[in-house]
Amino acid sequence: MGRQVRRAGTADPVASLPWQLIRRDNGEEDSYRVASYATRAEAERRADVLNARVPAPRALYVVEHADDRPAPKA
């Protein structure tokens, strides 16, 4: 879904695509990163399209900055 481009001089795709599209199921119990985007506006447009297709409360697509996302549980 999201473009995986890298800025020159970095091997970290999150640095160049910091806006994460997250799917949250069952309230906030289960969440999955769906795609990454360079801009918040781009990520929000995609979230709007996906949210329009899925009846609430089954799934909710939200946008988060990679720096704000909690680390995965081990």
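# A guided tour from S36

Begin by selecting S36, which lies in strand β2. The model on display is predicted. S36 has a relative accessible area of 4%; since residues under 20% are classed as buried, S36 is buried. Next, add P18 to the selection. In sequence, S36 and P18 are 18 residues apart, while their C-alpha atoms are 6.6 Å apart in space.

**The whole chain**

Now show the full protein chain as a cartoon. Two helices and three strands are present, and their pattern along the sequence reads α-β-β-α-β. Of the 74 residues in the protein chain, 30% are buried. The chain exposes about 5,300 Å², and carbon and sulfur atoms supply 49% of that area. Considering contacts with a separation of 6 or more, 49% are between residues 24 or more positions apart.

**The sheet**

Select the three strands together. In what order do the strands of the open sheet lie? The order is β2-β1-β3, with antiparallel pairing. The edge strands are β2, residues 30-37, and β3, residues 59-65, each of which pairs on one side only. On average, neighbouring strands of this sheet are turned by 30 degrees against each other, direction ignored.

**Strand β1 and its two partners**

Select residues 19-25, which form strand β1. Six of the seven residues of β1 are buried, so the strand is largely enclosed by the rest of the structure.

Turn to the side of β1 that meets β2. These two strands run antiparallel and are joined by seven bridges. To inspect one of these positions, select R23 together with Y32, its bridge partner in β2.

Then move to the pairing with β3. How many bridges connect β1 and β3? Here the antiparallel pairing extends over seven bridges. Three positions may be followed in turn:

- Select L21 and V63; V63 in β3 is the bridge partner of L21.
- Select I22 and V62; I22 stands opposite V62 in β3.
- Select R24 and L60; L60 in β3 is the bridge partner of R24.

**Strand β3 and V62**

Keep β3 in view and colour its residues by accessibility. The strand is mostly covered, with six of its seven residues buried. Centre on V62, whose place is in strand β3. Is V62 buried or exposed? Its relative accessibility is 18%, and because the cut-off for a buried residue is under 20%, V62 counts as buried.

Display the surroundings of V62. Leaving aside residues up to four places away in sequence, V62 touches Q20, L21, I22 and R24. For a view across to the other edge strand, add V34: V62 and V34 are 28 residues apart in sequence and 10.0 Å apart in space, C-alpha to C-alpha.

**Helix α2 against the sheet**

Select residues 40-53, which make up helix α2. This helix packs on the sheet and touches β1, β2 and β3. The direction of α2 makes about 175 degrees with that of β3. To check the length of α2, select its end C-alpha atoms: they are 20 Å apart, in agreement with the 20 Å that its 14 residues should span at 1.5 Å a residue.

Which residues of α2 are buried? Select E42, A43, A47 and L50, which are buried in the helix. Looking down the axis of α2, one finds its buried residues within an arc of 130 degrees, so they line one face of the helix. An α-helix has 3.6 residues a turn, so residues three or four places apart point the same way. The cover over the buried residues of α2 includes β1, β2 and β3.

**The outward face of α2**

Rotate the view to the face of α2 turned away from its buried side. That face carries the exposed residues R45, D48 and A52. Select R45, which lies in helix α2. With a relative accessibility of 53%, and because exposed means over 50%, R45 counts as exposed.

End by adding V63 to the view of R45. R45 and V63 are 18 residues apart in sequence, and their C-alpha atoms are 9.8 Å apart in space. V63 also leads back to the sheet, as it is the bridge partner of L21.

Technical notes
Residues numbered from 1 in each chain as written. Predicted model: local features only at pLDDT ≥ 70, side-chain atom pairs only at ≥ 80, totals over all residues. Heavy atoms only, no water. Helix = DSSP H or I, 4+ residues; strand = E, 2+ residues; numbered from the N terminus. Buried < 20%, exposed > 50% of the residue type's maximum accessible area, 1.4 Å probe, protein only. Contact = heavy atoms within 4.5 Å. Areas by Shrake-Rupley, 256 points an atom, 1.4 Å probe, with all protein chains shown as cover. Pairing = 2+ DSSP bridges. Axes fitted to C-alpha atoms, helices over the stretch in contact; angles between N-to-C directions. Expected span 1.5 Å × (residues − 1). Arc of directions from axis to C-beta.
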